[in-house]
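Q: Please take one part of this structure and go through it closely, with the reasoning spelled out where a conclusion depends on a cut-off. After that, please carry on to some individual residues and to the ligand.

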Amino acid sequence: MDFLRDPDIDPAPMAGKRVAILGYGNQGRAQALNLKDSGIDVVVGLRGGSGSTYEAETAGLRTALVEEAVASADVVMMLAPDETHAALYREIEPRLREGAALGFSHGLSVRFGFVEPRADLDVFLVAPKGPGTALRSLYQQGKGMIAVWAVEQDATGNARGIALAYGRAIGCGRAGLIASSFAEEAEADLFNEQGVVWGAVPELLIAGFETLVAGGVSPELAYLECVGELHLIAELIEARGIAGMREAISNTAELGALLGGKRIVDEGVRQRMAQIFAEVRAGRFAEELSKEKASGYERLQKARAAARSALLEQTYRSLQDREEA
Ligand SMILES: NC(=O)c1ccc[n+]([C@@H]2O[C@H](COP(=O)([O-])OP(=O)(O)OC[C@H]3O[C@@H](n4cnc5c(N)ncnc54)[C@H](OP(=O)(O)O)[C@@H]3O)[C@@H](O)[C@H]2O)c1
């Protein structure tokens, strides 16, 4: 695997370049501030009347309307939500300088055709593997977050150098930059969101909580067992790997995990995972994302309301209140 760190990366391709960061959300804020602190000339491109203008300027960043920021930039980072990229790219394409670099932090919109970049542009990916809040706090601690990088289009011959130097400037070279492609990054990320960490794991926690409560266990204890311990296993895996985590827990917990884990995650689960991966590759999720935006995020809003009013959430809040009291 191609794994590069700061000493392997030439920062020169970003020297003297102006970067327009489009969007000041989770990633936009973190990347803009990290670039500024790395001495890069940054402008944050925002929509007219954006509520983020005040926040960005208070943080010491220059802001401009999207079209002005794009017209002045050598590197343009698409850090608005993925489902807005198609319309946003149509809006900015006439403003992009000849031979500019167009960057993404997720391969989705290029892999699934939301954006078809002009042939004269360099097109690169630097996708930090975690939320912007952590990207920023790690940078401030002198550390970094691992990122995946790729080049989709190398119109000028400089795309590789710009991608790596950009990753270095946002601090990811301190941890490591892993070479990939837009397709591989997008497909693996979308699969994980649905089938593993963000989709399956919370549902497993909810199912465990509901099973205990249905069996007469108090919601508070069910919560502490099935949800509250998650951070402990996450920290152990981070520090020691999965084998090391198993060795670190009691023999009782280790035997329980051995006997129970594979009864839950059986062959049927693996088959459904393979099905999800095939659907992601066929572009079904990208279609769903476009539909969701067109409907005004109907399903997401309903799901958020249902999750907020569930017993599990009430139990979480009551435990929080007691801890803070
Ligand atoms: N969230 C993460 O930690 C994370 C991690 C890795 C990669 N990524 C990738 O990073 C990219 C950005 O994701 P995010 O979660 O950071 O997004 P986000 O927080 O939802 O982005 C919100 C920002 O985008 C702006 N915005 C929304 N619609 C816009 C439009 N039509 N035109 C211009 N600006 C618009 C918003 O403007 P206003 O201020 O005006 O509301 C706001 O500043 C995505 O490609 C995502 O897949 C995200």
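A: In this predicted model, helix H10 and helix H16 are roughly perpendicular to each other, because their angle of about 90° falls in the range of 65 to 115 degrees that is given this name. Helix H10 covers residues 219-226 and helix H16 covers residues 311-324, and the two axes are 9 Å apart where the helices pack. On the H10 side, the contact is made by Pro219, Glu220, Tyr223 and Leu224, while H16 contributes Leu311, Leu312, Thr315, Tyr316, Ser318, Leu319 and Arg322. Sorted by class, the residues of this contact are seven nonpolar, two polar and two charged.

One member of that contact, Leu319 of H16, also serves as a reference point for Ile264, since the two residues are 55 positions apart in sequence and their C-alpha atoms are 28 Å apart in space. Ile264 belongs to helix H12, which spans residues 251-264. With a relative accessibility of 53%, Ile264 counts as exposed, because the value is over the 50% at which that description begins. Once neighbours within four places in sequence are set aside, the contacts of Ile264 are with Leu204 and Val269.

The ligand is surrounded by 21 residues, and the closest of them are Tyr24, Gln27, Ser50, Ser52 and Asp82. Several polar approaches to its oxygen atoms can be described one by one. A ligand oxygen lies 2.7 Å from a polar backbone atom of Tyr24, and a ligand oxygen lies 2.9 Å from a polar backbone atom of Asn26. With Ser52 the partner is instead in the side chain, where an N or O atom is 2.4 Å from an oxygen atom of the ligand.

Gln27, one of the closest residues to the ligand, is part of helix H1, residues 26-37. Its relative accessibility of 16% makes Gln27 buried, because that value is under 20%, a figure that takes only the protein chains into account. The side chain of Gln27 is joined to that of Gln31 by a polar contact of 2.8 Å. Apart from neighbours within four places in sequence, Gln27 is in contact with Leu79, Pro128, Gly130, Pro131, Gly132 and Leu135.

Leu79, which appears in that list, sits in the loop that runs between strand E5 (75-78) and helix H4 (85-92). Leu79 is buried, its relative accessible area being 10%. Beyond residues up to four places away in sequence, Leu79 touches Ile21, Leu22, Gly23, Gln27, Gly28, Gln31 and Ser105; Gln31 is thus a partner of Leu79 as well as of the Gln27 side chain. Leu79 and Ala20 are 59 residues apart in sequence, with their C-alpha atoms 9.9 Å apart in space.

Asp82, also among the closest residues to the ligand, leads on to His106, whose contacts include Asp82. His106 is placed in the loop between strand E6 (101-104) and helix H5 (108-111), and at 9% relative accessibility His106 counts as buried. A polar contact of 3.0 Å links the side chains of His106 and Glu185. With neighbours within four places in sequence left out, His106 is in contact with Leu125, Ala186, Asp189 and Leu190, in addition to Asp82 and Glu185.

Key
Residues numbered from 1 in each chain as written. Predicted model: local features only at pLDDT ≥ 70, side-chain atom pairs only at ≥ 80, totals over all residues. Heavy atoms only, no water. Helix = DSSP H or I, 4+ residues; strand = E, 2+ residues; numbered from the N terminus. Buried < 20%, exposed > 50% of the residue type's maximum accessible area, 1.4 Å probe, protein only. Polar contact = N/O pair within 3.5 Å; in protein donor to acceptor, adjacent residues only side chain to side chain. Contact = heavy atoms within 4.5 Å. Axes fitted to C-alpha atoms, helices over the stretch in contact; angles between N-to-C directions. Parallel < 35°, antiparallel > 145°, perpendicular 65-115°, else oblique. Nonpolar A, V, L, I, M, F, W, Y, C, P; charged D, E, K, R; others polar. Near = heavy atom within 4 Å.
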